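Hello,

Here is the structure you asked about, with my notes underneath. Please read them with the model open.

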Amino acid sequence: MSIFASPLSVAGTRTSGAPVRTQNVMAAASIANIVKSSLGPVGLDKMLVDDIGDVTVTNDGATILRLLEVEHPAAKVLVELAQLQDEEVGDGTTSVVIIAAELLKNADELVKQKIHPTSIISGYRLACKEACRYIQDNLTIPVEELTKACVVNVAKTSMSSKIIGADADLFAAMVVDAANAIKVLDSSKNPLYPIKAVNILKAHGRSARESMLIQGYALNCTVASQAMPKKIVHAKIACLDFSLQKAKMKMGVQVLINDPEKLEAIRARELDITKERIQKILAAGVNVVLVSGGIDDLCLKYFVESGAMGVRRVKKADLKRIAKATGAAFLTSLTNMDGEECFDSSMVGEAAEVVQERISDDELILIKGPKARTAASIILRGPNDFYCDEMERSVHDALCAVKRVLESKSVVAGGGSVEAALSIYLENFATTLSSREQLAIAEFAKSLLVIPKTLAVNAAQDATDLVAKLRAYQNTSQTKADLANLKWVGLDLLEGVVRDNKKAGVLEPTVSKIKSLKFATEAAITILRIDDMIKLDPEQRGDKSYKQAMESGELYD
Amino acid sequence: MTIQASMGDGNKVKGLVYKDKSKPTDVRHSNINAAKAVCDAIRTSLGPRGMDKMIQAGNGEVTITNDGATILKQMNVVHPAAKMLVELSRAQDVEAGDGTTTVVVVAGALLDAAEKLLSRGIHPTAVSESFQRAASHAVEILTGIATPIQLDNREQLVKSASTSLNSKVVSQHSSSLAPLAVDAVLKVVEPGREQVVSLSDIKVIKQLGGTVEDTELIDGLVFPQRVANVNGPKRIEKAKIGFIQFCISPPKTDMDHNVVVSDYAAMDRVLKEERTYILNIVKQIKKAGCNVLLIQKSILRDAVSDLALHFLDKIKCMVIKDVEREDVEFVCKSLGCRPIASLDHFTAENLVTAELVEEVGVGGNRMVKITGAQNAGKTVTLLVRGSNKLVLAEADRSLHDALCVIRCLVRKRAVIAGGGAPEIELALKLAARADTMEGIDAICLRAYANALEIIPFTLAENAGLNPIQTVTELRNRHAKGETSAGINVRKGTISDILEENVVQPLLVTVSAISFATETVRSILKIDDIVNTMT
């Protein structure tokens with residue numbers, strides 16, 4: 001026997017067959033169990049403490065999983081899945097992991113009933129395809145009905161499960177306004193919403209309700225010198241991506257002087273080079289100078305003298321956005337095409353007001369009313385840093401959801417409505433097939449119910465009862481044409497009843513639902529197909545030589 | 001005591017050395033067993049219903065794959081004979097690109113057969129010679145049953161590519177990936193020089209995000225980096241492209257150098273000199289009318305300094321920097337340009353034109369696409385997408401296999417049926433031939449023929465069918481003259497596999513059989529392992 005194992009005794013362990021699959025499914029299930037309780041409007045939060053003692057309190061699936069140190073390779077697939085959903089959609093990270101784990105669990109059951117994994121895989125693929133088609137055809141709420149209230153509802157739904165759920169009205173309106181403010185048109189006139197352009201700043205102190213939206217740009221910087229004005233109306237802004245410091249010579253340039261008087265001249269010249277630059281800038285009428293590098297204290301006096309505001313160490317990404325919003329040129333150098341340095345008025349951007357305001361302990365610079373384009377910043381307030389961090393994540397999720405809806409212009413009803421509808425549809429669909437895939441599709445349908453079930457369990461409601469009611473409504477909507485409106489029925493988790501979620505305004509972006517189904521299925525299939533796992537030990541100094549292997553008798557039995 | 005102990009050690013070592021040089025039969029036995037173990041390890045991944053392996057490397061990186069060559073590469077096998085099989089799989093990968101699992105499985109089966117023959121007292125050389133003859137017969141028979149195809153028969157090519165893709169993780173996307181692979185290879189084929197079609201003319205770029213279905217074929221060039229400009233153009237129509245190999249940054253001499261400044265006025269001059277130096281280069285670029293600049297990666301100094309970028313922004317010239325040195329050839333070929341090594345040669349005639357150069361966002365990343373180059377060479381770019389790293393890597397490997405299949409067909413334009421049909425046909429024909437012979441050869445040939453049945457056997461086993469039932473039925477159908485009967489894995493029955501569109505290139509099977517036989521022969525011929533390692 002040892003002959004079969006030994007020549008392949010790669011430095012590590014190898015397991016194959018059914019145990020591998022069960023092991024992988026177990027690993028996936030344990031990942032899902034971690035995030036399970038955080039799903040839904042009444043889901044609870046996790047507190048994560050890392051090895052240096054940093055604390056994170058969150059409800060966001062992707063964040064929880066990112067902070068976990070996952071060893072098992074199959075579990076890693078799920079963690080990556082959540083990360084991917086986060087990047088592609090931004091919302092629904094918890095549900096995608098739960099669905100994938102449930103799919104795996106049910107597949108494992110089928111394998112134990114002696115159904116070949118390949119049949120299950122093809123069944124799952126078919127089911128996923130059917131499900132996506134059904135969502136597209138029957139469950140989406142079309143473009144015409146898309147009003148602002150509807151978009152606000154989407155934001156609210158996304159927030160309802162988060163820490164800011166209590167103040168959803170305030171934040172939803174804020175998020176939608178912010179998303180609208182950063183709307184741009186791409187080359188083919190399609191509106192785009194680059195979420196990253198919404199600058200989210202956190203300041204602890206005061207309550208969450210005092211968070212605010214600023215129609216402009218908020219910068220986490222202060223003016224370079226206290227002598228500068230704190231408020232400038234009709235600002236003319238210059239954005240510079242270089243330092244206003246004493247000119248240094250390049251590497252390899254040596255200054256060699258034999259006359260001490262010249263030393264002074266050289267020093268003066270070093271200063272003058274920068275001074276000339278500043279004067280050129282100020283001569284163009286600029287009264288706010290934003291610099292990504294530093295400004296020497298010596299140079300500050302020129303600004304103070306002319307009553308201009310100077311801000312140093314502005315983040316490059318911020319500077320670029322300000323340049324875009326105010327219409328200023330983002331300058332990496334003052335040199336023009338003749339090799340001379342100059343600064344003309346076309347490079348100046350304008351804003352209605354630039355003001356430094358004190359918010360909690362920090363001072364922020366607000367650029368209000370930029371000329372070229374609208375901008376938006378959100379300042380989040382909260383009692384402590386964890387709270388602020390979690391608020392930021394929640395606002396980000398909501399922004400993503402809003403962006404998806406505005407771009408794709410279609411929504412579906414939330415609260416487990418889509419999953420229940422799909423499960424009924426797929427169960428009926430399965431019975432129309434006479435091949436082996438039937439069982440797999442039926443299991444796929446069953447797996448989807450995990451979402452309404454978990455939602456109900458998390459809300460401390462009777463899951464069996466609620467899901468049964470929900471399914472009954474959905475079934476009626478699919479069998480009786482005149483009651484088709486019942487397809488919007490979903491769970492109301494606060495009251496513990498079922499209701500029309502379209503009317504109640506519980507809406508989610510279609511893209512999010514379809515992508516999460518697709519991603520979950522793909523991840524489940526990836527794991528299902530594995531029947532052999534080889535774990536190599538961390539590389540040691542030199543491989544085991546043939547001689548060693550032979551001496552230890554591994555080559556002979 | 002010590003002397004005794006050391007003597008004891010000495011005896012042991014002697015014993016080992018003696019054992020090491022023990023009877024050749026033992027060595028052969030050990031080699032065969034090791035090789036068979038390798039074969040067993042990857043058997044389950046053969047065929048459309050084959051399973052995947054998950055391999056966690058020492059550094060924690062995980063690979064999920066179905067590709068024989070990749071699996072074996074990851075397992076660092078200790079035994080020297082087992083290593084030969086790993087090499088064998090790699091050789092098949094280089095030569096045919098597909099059938100890397102098949103070749104190892106066949107080799108394992110042949111070794112098994114050889115072992116039985118040896119135990120009957122047949123001399124290894126006789127077995128080896130006889131196997132060689134059997135292999136050349138097999139190749140003849142295969143060529144006999146192959147169907148020639150034409151390169152313009154796109155449908156047929158797509159079928160072969162899908163057969164290869166069907167056994168991979170990405171099988172559900174085979175309908176979208178197969179045409180891509182076919183188009184890609186056909187595009188780079190130069191008429192009259194089909195033999196030298198090289199896959200290096202097909203650049204495969206992997207990009208995370210999206211699903212495998214989003215994979216696309218781009219008739220042009222894609223750079224995975226973003227535009228270097230700070231606020232330059234992102235989209236240029238009717239681009240004039242220059243590809244430079246020099247740097248636009250302050251020059252450095254080879255030796256250590258110092259510029260000595262002894263006067264404050266000189267400081268201005270130093271600064272100004274740098275500006276004018278760079279400005280000169282940029283002006284020359286502008287004069288030539290260039291508006292897209294590709295810059296080769298430079299290690300010694302910045303390929304393009306911040307100041308230079310500022311100027312290039314001003315003349316509205318798009319800059320793509322850090323073009324890898326190994327990509328230079330590909331870039332030149334696809335654009336039909338020559339790299340410009342010095343500023344003096346930067347003239348209008350050394351530029352090439354393209355319809356559109358554009359920075360596009362794909363997934364979270366941005367990349368630059370160049371399409372519609374005027375005198376483009378025969379190259380294409382495949383942009384592979386996948387929802388996670390593992391799927392993406394496997395999609396890349398699968399696509400590579402599919403490309404190889406098409407390349408095989410371009411080189412040798414003949415296909416044979418898949419689904420175990422050719423192997424069973426070979427087994428029958430070789431067995432019939434064995435019946436007409438006498439002596440050791442006949443026995444060896446028959447054993448060889450039986451060994452080939454491992455392929456349909458494994459296919460059936462992996463698909464969850466009853467292997468004995470399936471293989472015997474298959475044999476029966478072939479004996480009745482249905483040369484294209486094969487295992488229909490999807491339906492779990494035996495049917496005419498050509499109707500199911502399961503076809504594979506002749507070259508893959510031919511090289512699998514000849515490589516496997518040669519490896520088996522060389523393993524058989526080893527009668528001693530002398531360990532020179534200390």
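**Notes on the model**

Thr222(A) sits in the loop that runs between strand S8 (216–219) and strand S9 (231–240) of chain A. Bear in mind that this is a predicted model. Is Thr222(A) buried or exposed? Neither: Thr222(A) is partly exposed, because its relative accessibility is 36%, and buried would require under 20% and exposed over 50%. Leaving out residues up to four places away in sequence, Thr222(A) touches Val311(A), Gln356(A), Glu363(A) and Ile365(A). Its C-alpha atom is 8.0 Å from that of Arg312(A), although the two residues are 90 apart along the chain.

In chain B, I looked at His310(B), which belongs to helix H10 (residues 306–314). His310(B) has a relative accessible area of 5%, so it is buried. Which residues does His310(B) contact, setting aside neighbours within four places in sequence? They are Thr332(A), Ser333(A), Leu334(A) and Thr335(A).

Then the nonpolar cores. The largest has 83 residues, and the ones with the most contacts inside it are Val97(A), Ile120(A), Leu422(A), Leu426(A) and Phe444(A). Helix H5 (residues 93–112) of chain A contributes the most to this core, with 11 residues. Apart from this core there is another, of 63 residues, including Met75(B), Leu110(B), Ala414(B) and Ala451(B). In soluble globular proteins, nonpolar side chains tend to be buried together.

As for Val97(A), its contacts beyond four places in sequence are Ile31(A), Ala32(A), Val35(A), Leu65(A), Leu78(A), Leu81(A) and Ala82(A).

Regards

Conventions:
Residues numbered from 1 in each chain as written. Chains lettered and ligands numbered in written order. Predicted model: local features only at pLDDT ≥ 70, side-chain atom pairs only at ≥ 80, totals over all residues. Heavy atoms only, no water. Helix = DSSP H or I, 4+ residues; strand = E, 2+ residues; numbered from the N terminus. Buried < 20%, exposed > 50% of the residue type's maximum accessible area, 1.4 Å probe, protein only. Contact = heavy atoms within 4.5 Å. Core = buried A, V, L, I, M, F, W, Y, C linked by side-chain atoms within 4.5 Å.
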